[in-house]
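User: Hi! Could you take a close look at one part of this model for me, and explain how it fits in with the rest? I'd be glad of a connected account with the distances and angles included.

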Amino acid sequence: MFELEKSFRFEAGHTLKYHDGKCRNPHGHSYELTVHVRAENLIGEGPKTNMVIDFSDLSQIVKPMIEQYLDHKWLNDTLKSESATVEFIAKWIYDFLHPLLPGLTSITLQETHSSRVKYTPKT
């Protein structure tokens, strides 16, 4: 079994409307997104021989989503949530990418240097 990972960075702001601390106020983060793709076998022929997925092809799927919904965006608006937590964002990203990325197993989203969430759907 192979598991490939590729990371992407984006900047975004949000607020957690129901939070009982300072995160209820408008603030932002420098996020790091890691996309995890798994395959039992490598591609057997053609220009992608012996790959799970070409890193460039993966970027062509993920980057437009980041540009349209995440990077330098107000996440409460673009993701339609009053409480755009890192957990909520990770699941939103997974749900968006899953139809586009066969083999997608999980999403890791880092919000600060010491805080991250990994979303893996129940199978």
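## Helix α3 and the sheet

Analyst: Happy to! Of the contacts in the protein between residues at least 6 apart in sequence, 62% are between residues at least 24 apart. Please keep in mind that this is a predicted model. The part I would pick is helix α3, taken together with the sheet and the side chains around it.

Let me set the scene first. The protein has five strands and three helices, and along the sequence they follow the pattern β-β-α-β-α-α-β-β. Its C-alpha atoms fill a box of roughly 55 × 25 × 25 Å along the principal axes. Of its 123 residues, 40% count as buried.

Next comes the sheet. Its five strands are in the order β3-β1-β2-β4-β5, and the sheet is open, with mixed pairing. At the edges are β3 (73-74) and β5, each of which pairs on one side only. Strands β1 (residues 2-14) and β2 (residues 27-39) run antiparallel and are joined by 13 bridges. Two examples of partners across this pairing are useful when you step through the model: Phe 8 is bridged to Leu 33 in β2, and Glu 11 has Ser 30 as its bridge partner in β2. Phe 8 has a further neighbour in Lys 6, which lies over the face of the Phe 8 ring at 5.5 Å from the ring centre. By contrast, β1 and β3 pair in the parallel sense, over two bridges. Gly 13 takes part here, with Trp 74 in β3 as its bridge partner.

Now for the helices on this sheet. Helix α1 (residues 55-70) lies across β1, β2 and β3 and runs at about 20° to β1. Helix α3 also packs on the sheet, where it touches β2, β4 (104-112) and β5, and its direction makes about 145° with that of β4.

What leads into α3? Between α2 (75-78) and α3 (86-97) there is a loop, and Ser 81 lies in that loop. Ser 81 counts as buried because its relative accessibility is 12%, below the 20% cut-off. A polar atom of the Ser 81 side chain lies 3.1 Å from the backbone nitrogen of Ser 83. Leaving out residues up to four places away in sequence, Ser 81 touches Asn 76 and Phe 88.

The aromatic residues give a good view of how α3 is connected. Five aromatic pairs are counted in the model. In one of them, the rings of Tyr 94 and Tyr 119 have centres 5.4 Å apart and planes at 70°, so this pair is edge-to-face. Tyr 94 lies in helix α3 and Tyr 119 in strand β5 (residues 115-119), so the pair ties together parts that are 25 residues apart in sequence. How exposed are the two partners? Tyr 94 is buried, with a relative accessible area of 7%, whereas Tyr 119 is partly exposed, with a relative accessible area of 21%.

Both tyrosines also appear among the contacts of Ser 106, a residue of strand β4. Ser 106 has a relative accessible area of 2% and is therefore buried. Apart from neighbours within four places in sequence, Ser 106 is in contact with Thr 34, Val 35, His 36, Tyr 94, Lys 118, Tyr 119 and Thr 120. Ser 106 is thus a handy place to centre your view if you want to follow the Tyr 94 and Tyr 119 contacts from the strand side.

Another aromatic group is worth a look. Tyr 69, Trp 92 and Phe 96 form one aromatic cluster. Phe 96 is found in helix α3, and with a relative accessible area of 27% this residue is partly exposed. Beyond its neighbours within four places in sequence, Phe 96 is in contact with Met 65 and Tyr 69. The C-alpha atom of Phe 96 is separated by 9.6 Å from that of Val 62, which is 34 residues away along the chain.

To put the picture together: α3 packs on the sheet, with contacts to β2, β4 and β5. Tyr 94 links α3 to β5 through its ring pair with Tyr 119, while Phe 96 belongs to the cluster with Tyr 69 and Trp 92.

Key
Residues are numbered from 1 along each chain as its sequence is written. This is a predicted model: local features need pLDDT of at least 70, side-chain atom pairs count only at pLDDT 80 or more; totals for chains, interfaces and linings use all residues. Side-chain values use heavy atoms; hydrogens and water are left out. Helices (H or I, at least four residues) and strands (E, at least two) are DSSP runs, numbered from the N terminus. Buried means under 20% relative accessible area, exposed over 50%, partly exposed in between (1.4 Å probe, protein chains only). A polar contact is a pair of N or O atoms within 3.5 Å; within protein, one must be able to donate a hydrogen and the other to accept it, and residues adjacent in sequence count only if both atoms are side-chain atoms. Contact means heavy atoms within 4.5 Å. Rings of Phe, Tyr and Trp (its six-membered ring) pair if their centres lie within 6.5 Å; planes under 30 degrees apart count as stacked, over 60 as edge-to-face and the rest as tilted. A charge sits over a ring if NZ of Lys or CZ of Arg is within 6 Å of the ring centre and within 35 degrees of the ring normal. Two strands pair if DSSP finds at least two bridges between them. Axes are lines fitted to C-alpha atoms, for helices over the stretch in contact, and angles run from 0 to 180 degrees between N-to-C directions.
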